[in-house]
Amino acid sequence: MSTANEHLTSGYAGEAARDRRRRKLRAADFRFNADMEKLAQMRDEAPDRFDRLPPTSRTALGYYENSKAAAQAEGIETDRP
């Protein structure tokens, strides 16, 4: 007979495994992009200018940075092409 805690724990373990698979896939797709690196630098150094960019550019940077973080977590080199 299983308890509620066992059910919750097994569900959580499945979620963690799913997150690891997603991170690995995202990391595998990462490719260094000099334009995205320039956008990140602009965000840090000239936020007023960055805020005037189209939302699609800011969103693209967010996806790029998420992939970069996943690649770093997987031990993949992210600092050069």
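## An all-helix chain in a predicted model

From the N terminus on, the elements of the protein chain run α-α-α-α. The model is predicted. The chain has four helices and zero strands.

**The chain in numbers**

| Property of the protein chain | Value |
|---|---|
| Share of the 81 residues that count as buried | 20% |
| Share of contacts between residues at least 6 apart in sequence that join residues at least 24 apart | 62% |
| Share of the exposed area supplied by carbon and sulfur atoms | 52% |

The exposed area itself is about 6,300 Å².

**The nonpolar core**

Which residues make up the largest nonpolar core? There are 12 of them. Four are written here as one group: Ala27, Phe30, Met36 and Leu39. Next come Ala40, Met42, Ala46 and Phe50. Leu61, Tyr64, Ala70 and Ala71 complete the set. Helix H2, residues 34–45, supplies at least two residues of this core. Helix H4 also supplies at least two.

**A lysine in helix H4**

Now look at Lys68. It lies in helix H4, which spans residues 55–73. Is Lys68 buried or exposed? Its relative accessible area is 17%. Buried means under 20%, so Lys68 counts as buried.

What does Lys68 touch, leaving out residues up to four places away in sequence? Its partners are Phe30, Glu37 and Thr78. Phe30 also belongs to the largest nonpolar core. Glu37 falls within the 34–45 range of helix H2.

Methods. Residues numbered from 1 in each chain as written. Predicted model: local features only at pLDDT ≥ 70, side-chain atom pairs only at ≥ 80, totals over all residues. Heavy atoms only, no water. Buried < 20%, exposed > 50% of the residue type's maximum accessible area, 1.4 Å probe, protein only. Contact = heavy atoms within 4.5 Å. Areas by Shrake-Rupley, 256 points an atom, 1.4 Å probe, with all protein chains shown as cover. Core = buried A, V, L, I, M, F, W, Y, C linked by side-chain atoms within 4.5 Å.
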